[in-house]
Amino acid sequence: MSITLRIDEERVLHPIDPMIYGQFIEHFGRLVYGGLFDPGHPLSDEDGFRSDVLQALRALRVPVIRWPGGCFASAYHWKDGIGPVREPVYDKAWCVEEPNTFGTDEFMLLCRKLEAEPYLCTNAGTGTPEEMADWVEYCNEPRKGRWARARTRNGHERPWSVRYWSIGNENYTGGELGAKTVAEWGPYVRECAKMMRRVDPTIRLFAAAVPDLDWDLALLRSAGDLLDYISIHGYFDPCWQTGILSGYRKSLQAGAAFERDITRTESILRSLGLQDRVKIAFDEWNLRGWYHPGICDFSMLDPDHDHAASLREKAEDDSRYTMADAVFAATFLCTCMRHGDMVRMANFSPAVCGRGMIGVKDDTLVLRPTYHVFRLLRERLGDRLADSYFTDMETCDADSQDVPALDAAATLDSAGRSAICVIGRDPERSISLRIESRRPYHGARVYTICGGPDSCNTIEKPDTVTIRETRVSDLAYLTIPPCSVSVIVPEE
Ligand code: AHR
C-alpha cells in the first residue's frame, strides 16, 4: 500500500523560527569542562576551546545556546565566574567542585566563536532578583554601574548584549534548589523581571513553567505582562537513576507525549489571551533523561559515590545513542515546526557529551545520529511551514501503543522552494510514499539518515549513520526506509 502526502505550497501556515535548532550546555560531568572547554589540550584553541568540537557545532549554525544550567543554575553565583581571580566553590546542585574557570566572559566568547545568541539562565534558587539585575548590568549596560565597569576591567568594554534571559530553572520541582510553590513563583518572577528590566528594558524574558494549569495561570497572572516566553522541559526516558534506556519501539511514544505538553501549554496561554505575546520555549529536551544516580535521593553521600561517578561514564558510551534518538529528534523538530506560531525556541539538552549529540573523546569526537538529524534539517529545510497532510496512514507498534508509521513537515524557503522532511518510524518495514502537489516537479534529490533501530556511530565506526544522497525521478514512487529521516527536495 502506498501512503499519500498532499502538499499545498501556496498555503504558508506560519514561519519556522530558526531558534528551534538551539542548544543547551550545563556545568555537569564533561559537558563544559573537558567537552567544550579544555585549556592546554592539544586540540584546543588559544582560548581553551576544543577546535574540533567548535568546528562540528559551527556546521550546525547553532542559533542560540542556553547556559549555565539546568539545576546547576539554581545555585550558581555568576560573580564567582568573572575577573582575574576565580575561586573553586562547592556545586550544591551536582555535589562536585566547580572551578569557575568557565564563566560569563568565556561563555560569551564561545557564542561569538559559534555566532550563536547567548541565552542566560539565572539563579532563582539561592540567588536574588538583584543578583539577576546585576548580571544584566554586567552583560548589557555600556558604562554605568559597578558591574558594567567590572566587565570593562575584565577586558570587555563593549557590552555582550545578551537578549535572552530566563528567570529560573524548573523551580517547580522538589529536587530543584530553592524550589518555589505555585503561590510564591509568580510574585517572585515579577520582582525579578521588574529589576532586570530596570537595567535593560529590551531583554527577552523567560520564566520556568510546566504544562500545568495551576502553575502557569498563577505565573502568568502575576508576571505575564513582563514575560516574552514561558519555558518547558521534556525528557521522555526517566533513566536518571538507573541509566537503563528504553528500547526503540517504546521511544516512539515520546513524540506524542511532547506534543501533548506543547498543546497543553498553548491552550493555557490562549485561555488568558496571551498567545500573540507570550511564546513557548522548549529549552531543554531529549529522548533520554541524563544519568545522575543518587542526586535526587541523596544516596550519592554514601561512600559508593565514586562508583556512581564511574557509572556516569556509562552516559558517554556512544553506542547507546542510536536511530531511536535520531527518529525522535526529527519528530520533535517537526512538531516544533507544526506549532511554529507558538513554539519559538527549543534547546537540545545537552549539545555535547553525556546524552549529547557529539561524543567528545580525548583525541577525537563522534558525531552521533542526532547530530546528523540537526545537520540535515538545519541545512535543507526552509523557514516557513506549508500546509500538508497525509490522505491515509499506516501505524506501527510502539510497545503497547500504535503510532503513525510516517511523519512529515513541508517547508518553503524565502524563494518559495520546497523541502519536505519525512520520518519513517517503523523499525522493520519500508513504506511507499506518493507526494502530491500542484507544482510540476520532475523528480527530487533525497537526503536520508537511516539504519537499524540500534544503529549508532562509534570511534571505530564513525560513519555507520550519516546523511546519504540519492535522486528519484518521480515523487509518486518514493520508498521511505525503516528507522529513517529524509529530506526530499523536489526539482522543478
Ligand atoms: O538531568 C539534567 C537536568 O534535567 C537539568 O539540570 C535540569 O534542568 C533537568 O531536570
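**Briefing: ligand shell, second largest pocket and backbone features**

By class, 5 nonpolar, 3 polar and 3 charged residues make up the shell around the ligand. The model is predicted. The protein buries 94% of the 280 Å² that the ligand exposes when taken alone. Beyond the ligand, the second largest pocket holds about 410 Å³ of space. Two cis peptide bonds are also noted below, from Gly69 to Gly70 and from Ser349 to Pro350.

**Ligand site**

- The shell consists of Glu26, Gly70, Cys71, Trp94, Asn169, Glu170, Tyr235, Trp240, Glu284, Trp290 and His292.
- Glu26 places a side-chain N or O atom 2.7 Å from an oxygen atom of the ligand.
- For Glu284, a polar side-chain atom lies 2.8 Å from a ligand oxygen.
- Asn169 has a side-chain N or O atom 3.1 Å from an oxygen atom of the ligand.
- Of the ligand's 280 Å² of exposed area when alone, 94% is buried by the protein.

**Second largest pocket**

- This pocket encloses about 410 Å³.
- It is lined by 22 residues, and those closest to its centre are Glu379, Arg380, Leu381, Gly382 and Asp413.
- The lining has 11 charged, 9 nonpolar and 2 polar residues.
- At least two lining residues come from each of helix H11 (369-380), strand E18 (418-424) and strand E23 (484-490).
- H11 gives the largest share of the lining, with 4 residues.

**Backbone features in loops**

- The Gly69 to Gly70 peptide bond is cis, and its omega is near 15 degrees.
- Gly70 sits in the loop between strand E3 (64-67) and strand E4 (89-91). Gly70 is also one of the residues around the ligand.
- The peptide bond from Ser349 to Pro350 is cis, with omega near -5 degrees.
- Pro350 belongs to the loop between strand E11 (343-348) and strand E12 (358-360).
- Asn100 is not a glycine, yet its phi is positive, at about 60 degrees.
- The loop holding Asn100 runs between strand E5 (96-98) and helix H2 (104-114).

**Asp261**

- Asp261 is part of helix H8 (residues 254-271).
- Neighbours within four places in sequence aside, Asp261 contacts Pro211 and Ile232.
- Asp261 and Gly81 are 180 residues apart along the chain, and 35 Å separates their C-alpha atoms.

Terms used: Residues numbered from 1 in each chain as written. Predicted model: local features only at pLDDT ≥ 70, side-chain atom pairs only at ≥ 80, totals over all residues. Heavy atoms only, no water. Near = heavy atom within 4 Å. Polar contact = N/O pair within 3.5 Å; in protein donor to acceptor, adjacent residues only side chain to side chain. Areas by Shrake-Rupley, 256 points an atom, 1.4 Å probe, with all protein chains shown as cover. Nonpolar A, V, L, I, M, F, W, Y, C, P; charged D, E, K, R; others polar. Contact = heavy atoms within 4.5 Å. 1 Å grid on protein atoms, 1.4 Å probe; cavity = no way out; pocket = protein on both sides within 12 Å on 5 of 7 lines; lining within 4 Å. Points joined across faces, edges and corners; volume = space filled by probe spheres on them.
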